[in-house]
Amino acid sequence: MSLRKAFLLLSAVMLVASAPVFGQSAAGGVVSLDSCRAMALGNNKQLRMRTESVRMAGYQKKEAFAAYLPALDFVGGYMYNQKEISIFDKDQLLPTKTFDPATQSYQFNLVKNPVTGEPVLGPGGTPIPETVALIPKEAMTYDIHNVFFGAVTLTQPIFMGGKIVAMNRLTHYAEELARAMHNAEAENVIYAVDAAYWQVVSLKAKQKLATSYVALLDTLRRNVQIMVDNGVATRSDLLTVEVKLNQAQVDMTKVDNGLVLSRMALAQVCGLPVNTVFTLVDEDVESVAGMAPVATTYNMEDVYSRRQDLRALATGVQIYKQKERVAMSDMLPKLALVGTYSFSNPNMFNGFSKRFDGAFSIGATLSIPLWHWGGNYNKYKAAQSQTHIAEMELDNAKDMVNLQVSQSAFKAQEAMKTYHMTLTNLDKANENLRQATLGFREGVMTTDNVMEAQTAWLKANSEKIDALIDVHLCDVYLSKVLGTLPYPTDY
């Protein structure tokens, strides 16, 4: 034996020997398939993220609904200005008027020529007022160094081109999509748990089979040793049996290692520490009694309605249709009602006053797109193309589901047939082994005949175990394809 093979064998033996140590720190007990599923669903991080996505979609749905309701906003601020503001650049002199009873009207007080009585004109050709009213510049200068302002605005959408309705429908479908993705992920977790579970069951059965096979060869070796001691068998016969026995022991070690690793894989899928060792309810299962026969035909419409991936794709089509409505809204008018209460300090509502004062105002805003060089229209057509792509993906997925159902049903039926054939082969192998053992005792069979019968018995049992596990795996895969796997609905 080479040094490398010896090292590998030693490592395998140490790994198997360490299995009881793992079990000492693990929570023991008998665990069913349903318990493994529940643990995996409760501990799977990917599923937790999907659950959080469902919650997020629910919040977005509520956010979209809020767009129907009036929005109330407040804005306030402060501004420091370097300079004061003045209406006049200098003092202003305003002409005055006096009431003239003769004309029953007010006439400007003008400087008149005492001879002619005509108004005296100034350098610019304008009459010179006799009296003026003085407005000092300081009287029209206002202190705006410190300005405080604010406004409370109420906005009620009246018509937004259908965007609000479309966004509410879109978020509704987005929540359904998140739920479908969550359910699909839950189905994947359940399928992974079942595969790991039945792998453990398979290797546990093969471990028992390997132990029984080693026991058969060991019994044969002892019998041949007695025959060699009595001179009725050769040393070559004994060596042949011992080589076979050693090979069987190596195979048993491999099975032991595989069982330890498969238990680790099951614990990891269930979200438990990898060193957790527990007994499975089905470790001693030897038949498929009670399993429902596989149907030959299925109502595909029911299958479509149960398949979470198809539901996700169908929901995606609806989402893209609502995106079409959102794109179309950019080409339609938008009307909103606006009410505002604005205030400031200083204010000009009743002269210039350095105190807070405000006033209400109400109005409406109308926005009508006129010309955007086809940008909005092309955006709408692009959204339509996305919808058509999603519809074709859905149709293609339905075709693939038809193929999946047909193939998985066929495999499930063939697995059941194979299992029943392995039962027949196992009966024949048991009888062949009994006859060979009896013939060996009577001296009419050689050790080679017995070992051939034992090998055939080992193969028949191994094929029976594989067929049994394949029946269970095909059954769970068929349930997954048909959309009948149970999954949690608490998000």
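How many bridges join strand β2 to β9, and which way do the two strands run? Hi everyone, let's start right there. Ten bridges join β2, residues 71–80, to β9, and the pair runs antiparallel. If you want a place to look on the screen, find Tyr-80, which stands opposite Asn-146 in β9. Before I go on, please keep in mind that this is a predicted model.

Let's stay with β9, as it has another partner. Eleven bridges join β9 to β11, and these strands are antiparallel too. Here you can use Phe-149 as your marker, since it stands opposite Ser-344 in β11.

Now follow the chain out of β11. The peptide bond from Asn-345 to Pro-346 is cis, with omega near 5 degrees. Pro-346 belongs to the loop that runs between β11, residues 334–345, and β12, residues 357–367.

These strands also take us to the surface. Which strands each supply at least two residues of the nonpolar patch? They are β9, β11 and β12. The patch has about 1,200 Å² of accessible area together, and its members include Ile-158, Phe-159, Leu-335, Leu-337, Ile-362 and Leu-366, as well as Trp-371 and Trp-373. Let me pick out two of them. Phe-159 sits in strand β9, and at 40% relative accessibility it counts as partly exposed. Trp-373 is found in the loop between β12 and α9. With a relative accessible area of 73%, Trp-373 is exposed.

Trp-373 deserves a second look for its backbone. Its phi is near 55 degrees, a positive value in a residue other than glycine. Gln-104 gives us another case: its phi is also positive, near 55 degrees, and it is not a glycine either. You'll find Gln-104 in the loop between β5, residues 97–100, and β6, residues 105–108. Is Gln-104 buried or exposed? Its relative accessible area is 57%, so it is exposed.

On to the helices. α5 has 67 residues, and from its first C-alpha to its last it reaches 97 Å, close to the 99 Å expected at 1.5 Å a residue. After α5 comes Gly-231, with a positive phi near 80 degrees. We can run the check on α10 as well, which covers residues 447–482. Its 36 residues should span 52 Å at 1.5 Å a residue, and the end C-alpha atoms are 52 Å apart, so the two agree. α10 is followed by a glycine too, Gly-483, and the phi there is positive, near 75 degrees.

Now for the charged side chains. Side chains of opposite charge can pair when their charged atoms come close. How many salt bridges does a search of the whole structure find? The answer is 14. I'll walk you through a few.

One of them joins Arg-37 and Asp-194, with 2.6 Å from N to O. This pair links distant parts of the chain: Arg-37 is in helix α3, Asp-194 is in helix α5, and they are 157 residues apart. Arg-37, at 14% relative accessibility, counts as buried, and Asp-194 is buried as well, with a relative accessible area of 1%.

Another salt bridge is formed by the side chains of Lys-163 and Asp-330, at 3.4 Å from N to O. Lys-163 is in helix α5 and Asp-330 is in the loop between α8 and β11, so this pair ties together parts that are 167 residues apart in sequence. Here the accessibilities fall in separate classes: Lys-163 is partly exposed at 29%, whereas Asp-330 is buried at 16%.

Then there is Arg-307 with Asp-309, where the closest N and O atoms are 2.6 Å apart. Arg-307 counts as buried, at 7% relative accessibility, while Asp-309, at 33%, counts as partly exposed.

And to round off the charges, Lys-61, Glu-175 and Arg-179 are linked in a network of salt bridges.

If you take one picture away with you, let it be β9: it pairs with β2, it pairs with β11, and it supplies residues to the nonpolar patch. Thanks for listening, and I'm happy to rotate the model if you'd like another look!

Definitions and conventions: Residues are numbered from 1 along each chain as its sequence is written. This is a predicted model: local features need pLDDT of at least 70, side-chain atom pairs count only at pLDDT 80 or more; totals for chains, interfaces and linings use all residues. Side-chain values use heavy atoms; hydrogens and water are left out. Helices (H or I, at least four residues) and strands (E, at least two) are DSSP runs, numbered from the N terminus. The expected span of a helix is 1.5 Å times one less than its number of residues. Buried means under 20% relative accessible area, exposed over 50%, partly exposed in between (1.4 Å probe, protein chains only). A salt bridge is a side-chain nitrogen of Lys or Arg within 4 Å of a carboxyl oxygen of Asp or Glu. Patches are made of residues with over 30% relative accessible area and no salt bridge: like charges are joined within 9 Å, nonpolar side chains (Val, Leu, Ile, Met, Phe, Trp, Tyr) within 5 Å. Accessible areas come from the Shrake-Rupley method with a 1.4 Å probe; for residues, only the protein chains shown count as cover. Two strands pair if DSSP finds at least two bridges between them.
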